[in-house]
Amino acid sequence: MNDILDVALRLVVVLVAFLTLPLIVGQTEHKVMAHMQGRLGPMYAGGFHGWAQLVADGVKFVQKEDVVPADADRRIFQIAPAVALLPYLLVLIAIPVGPNGFVGQDIDAGLFFVLAVMGVGVLGSLMAGWASANKFSLLGGLRTAAQLMAYELPMLLAAASVAMAAGTLSLPGIVESYHWWWTPWQLVGAVVFFTAGLAELQRPPFDMPVADSEIIFGAYTEYTGLRFAFFLLAEYAGIVVLSGLTTVLFLGGWHGPWSDSVGWLWTLLKTFALAFVVIWLRVTYPRMREDQLQKLAWTVLIPLSLAQIALTGVVKVVIS
Amino acid sequence: MSIPGSGLAKGLAVTLRTMTRRSVTAQYPEVQPELPPRSRGVIALFEENCTVCMLCARECPDWCIYIDSHKETMPAAAPGGRERSRNVLDRFAIDFSLCMYCGICIEVCPFDALFWSPEFEYAETDILELTHERDKLREWMWTVPAPPPLDPGAEEPKELAAAQKSAEKTAAAAAAAAQAQAQAQSQEGEA
């Protein structure tokens, strides 16, 4: 009985985090982006500095008609948003927030699980692009697929470097064995991981699959209402997950002063700092061209991550 | 030769710096804008000064000023004098749907009957309402601000120079008269 209660409680906490953190990141993006462009951003919804803007957006999305194109592959078209969104919820379960089992579910091969499931999220875009019966959607879907192929590899290699350093695949285990000098040691890997993650989320400057000036909105062109909102939510949940994972793997998760009592706060702080960087990069850089995107992955990120693995191996052998 | 990636860092610095500055968005309906001096909002009429000379209506490039008037005969001021005629203003209207806010009417008015007011919130849903009749133009008169002080190093206004000149002339004349009188007195004493 107690076990069931424990599991239920953990799941509820993860669900609440899943529903709130992406909204907080989204609101932060509204505001940060506005101020970086000399604007104020939302100011009306909710009264105080537009805090309820995303709630209002949600209400608007719910009211809209749910249109499925006549030639679309109905079933696939309809479940695609769920396929895009749910993997991030699953990943969130495995991300450790604080020490002493402050994690949804401690999985032995956590790193493996997390990376595998994150890859599934991109399938949602691919399904949406294919099922929409729209050439723009198809182009977007194919670009998504190409991007997934190109960036999954450096991401895995960078994560493998951390796993080598820690000698474990368990995420809490990795944070457990973290020392401060890991961050400079794994710096290249961290940059590669973060960049590749951005590309996988299709965030600017890697948003070629949804390049709105060329292919309308890529795989999401035909979506309206709540399903479209799910895709947007998936993007922000992806930011949370990517920032959380980078925090756990490269920035030491809950490590920090008084980490025994406020470790979870450190994780959250680091996650939000990284989410800010994600937003900052979006505001600063223009979209990369499709070929530049591929070139960056294959000629820069993959060699860099291989070099990182070599460095990790050498250091590991030297210190053991 | 610059360091590779310095351009990327510069871009990040630009956006971060912009974020720390105040944003330029004007929250207009909540916060009234701070208008510069001599803002051209609406034209006000001080009808006591108007002599119906029609200069403004004739100079207006848009023909947006409507003036109607009639003549009244005034009885002679002194017995045996001539009767004087006087212009009386019947209608003075400015059609702000035509007005292009050039300010020529205000410039040409020889009697200072027209003024700029900075009020600008007089949008209407019916275009005919934008023709402001004389009572409305008079209402605007009470929103006309005092003339702003001169900019540093600005030329002296012509009115001031003219007044100075005439004052000097009067003073000189008075001095000359006093001198002449004194001379006459001294001549009398000698005689």
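The expected span of a helix is 1.5 Å times one less than its number of residues. Keep that in mind for the views below, which come from a predicted model.

**View 1. Helix 12 of chain A, end to end.**
Helix 12 covers residues 290-319 of chain A, 30 residues in total. From its first C-alpha to its last it reaches 42 Å, close to the 44 Å expected. Look along the helix and you'll find a kink of about 30° at A:Leu301, shortly before the proline A:Pro303. A:Leu301 is also one of the buried residues of helix 12. The others are A:Leu293, A:Leu296, A:Ala297, A:Ser305, A:Gln308 and A:Thr312. An α-helix has 3.6 residues a turn, so residues three or four places apart point the same way. What do the buried residues of helix 12 of chain A pack against? Their partners are helix 5 (135-166) and helix 8 (187-201) of chain A.

**View 2. Chain A as a whole.**
Chain A is built with 12 helices and 0 strands. Its radius of gyration is 20 Å, close to the 20 Å the globule rule gives for 320 residues, so chain A is as compact as a globular protein of that length. The C-alpha trace spans about 60 × 50 × 45 Å along the principal axes of chain A. Of its 320 residues, 48% count as buried. Take the contacts in chain A between residues at least 6 apart in sequence: 79% of these join residues at least 24 apart.

**View 3. Inside the largest nonpolar core.**
This core has 92 residues. Those with the most contacts inside it are A:Val91, A:Leu92, A:Ile95, A:Phe193, A:Ala237 and A:Val241. Which helix of chain A gives the most to this core? That's helix 10 (residues 225-250), with 16 residues. Zoom in on A:Val241 and you'll see that it touches A:Tyr88, A:Val91, A:Leu92 and A:Met118, leaving aside residues up to four places away in sequence. Apart from the largest core lies another core, of 18 residues, and among them are B:Leu45, B:Cys50, B:Phe92 and B:Ile94.

**View 4. A cis bond between two prolines in chain A.**
Here a cis peptide bond joins A:Pro204 and A:Pro205, with omega about 5°. A:Pro205 sits in the loop between helix 8 and helix 9 (212-215) of chain A. Most residues other than glycine have a negative phi, and most peptide bonds are trans.

**View 5. Chain B as a whole.**
Chain B has 5 helices and 5 strands. Along the sequence they follow the pattern α-β-α-β-β-α-β-β-α-α. A compact globule of 191 residues would have a radius of gyration near 16 Å, but chain B comes in at 29 Å. The C-alpha trace of chain B spans about 105 × 55 × 30 Å along its principal axes. Just 10% of the 191 residues of chain B count as buried. Among contacts in chain B between residues at least 6 apart in sequence, 74% join residues at least 24 apart.

**View 6. Helix 1 of chain B.**
Is helix 1 of chain B largely in the open or largely buried? Of its 15 residues, the number buried is 1, so helix 1 lies largely in the open. Helix 1 takes in residues 6-20 of chain B and should span 21 Å, which agrees with the 21 Å between its end C-alpha atoms.

**View 7. Two residues with positive phi in one loop of chain B.**
B:Val52 has a positive phi of about 55° although it isn't a glycine. It is found in the loop between strand 1 (42-45) and helix 2 (55-59) of chain B. B:Met54 is also found in the loop between strand 1 and helix 2, and its phi is near 70°, again a positive value in a residue other than glycine. Which of the labels buried, partly exposed or exposed fits B:Val52? B:Val52 counts as partly exposed because it has 19 C-beta neighbours inside 10 Å, and a buried residue needs 20 or more. B:Met54, with 12 such neighbours, counts as exposed.

**View 8. B:Glu133 and the distant B:Gly5.**
B:Glu133 lies in the loop between strand 5 (131-132) and helix 4 (134-141) of chain B. It is partly exposed, with 13 other C-beta atoms within 10 Å. B:Gly5 is 128 residues from B:Glu133 in sequence, and the two are 66 Å apart in space, C-alpha to C-alpha.

**View 9. Where chain B meets chain A.**
The contact takes 9 residues from chain B and 12 residues from chain A. On the chain B side there are 3 nonpolar, 6 polar and no charged residues.

Methods: Residues are numbered from 1 along each chain as its sequence is written. Chains are lettered from A and ligands numbered from 1 in the order in which they are written. This is a predicted model: local features need pLDDT of at least 70, side-chain atom pairs count only at pLDDT 80 or more; totals for chains, interfaces and linings use all residues. Two residues are in contact if their C-beta atoms, placed from the backbone, lie within 7 Å. Ala, Val, Leu, Ile, Met, Phe, Trp, Tyr, Cys and Pro count as nonpolar, Asp, Glu, Lys and Arg as charged, and the others, Gly among them, as polar. A nonpolar core is a set of buried Ala, Val, Leu, Ile, Met, Phe, Trp, Tyr and Cys residues joined through C-beta atoms within 7 Å. Helices (H or I, at least four residues) and strands (E, at least two) are DSSP runs, numbered from the N terminus. The bend at a residue is the angle between axes fitted to the seven residues ending there and the seven starting there. The radius of gyration is taken over C-alpha atoms; the globule rule is 2.2 Å times the number of residues to the power 0.38.
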